[in-house]
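Biologist: Please take a close look at one strand and its partners. I should like a connected account suitable for a first-year student.

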Amino acid sequence: MTRRIYVDSPNSPVDIYDPEWVRLNVGGCSFLTKRVTLEKVPDTLLSELNEDSPHYHHPTGQYLIDRNPDIFQYILDFYRTGQLHFPHSLCGPNLKKELLFWGIDESFICSCCWTRYFFSQMLNVLVQNK
Ligand SMILES: [Zn+2]
């Protein structure tokens, strides 16, 4: 299994037990980020994570979340950069499900990706009403 670790700066030594850092395991892939990064978007699943969360795994001190890690990297980048982009290969309804799970409003999608998202949603409605 491939294990990936994403950090804000690959050269900075990180004590993984440092309370400023949060360890996430999403769909089997490790992600490391700062607590302040996750707090940048309030009222979302990630900003509300704490040790009482059902996702918290006490023996390992990380949060275990069974979602697609390839999509999650774009979610986490949104917290880091304030810009929500997604790849062309990701269809709108799939992205919508992920945004619902993470508690992120679709209005955060950047204008460059919004048109593709919007038309994908419209196409999905048309196909379902056919
Ligand atoms: Zn974009």
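Modeller: Leu24 has Tyr63 as its bridge partner in β4. Strands here are DSSP runs of E with at least two residues, numbered from the N terminus. The model is a predicted one, in which local features need pLDDT of at least 70, side-chain atom pairs count only at pLDDT 80 or more, and totals for chains, interfaces and linings use all residues. Residues are numbered from 1 along each chain as its sequence is written.

β1 (residues 21-26) and β4 run parallel and are joined by three bridges; two strands pair if DSSP finds at least two bridges between them. β4 (residues 62-65) is also joined to β3, by two bridges, and these two strands run antiparallel. Here Tyr56 stands opposite Tyr63. β3 and β4 form a hairpin with four residues between them, and Gly61 in the turn has a positive phi of about 70°.

Side chains alternate along β4: Tyr63 and Ile65 point to one face and are buried, whereas Gln62 and Leu64 point to the other and are not. A residue is buried if 20 or more other C-beta atoms lie within 10 Å of its own, with C-beta atoms placed from the backbone.

These strands belong to an open sheet of four, with mixed pairing and the order β2-β1-β4-β3. Its edge strands, β2 (29-34) and β3 (56-57), each pair on one side only.

Methods:
Buried ≥ 20, exposed ≤ 12 C-beta atoms within 10 Å, placed from the backbone.
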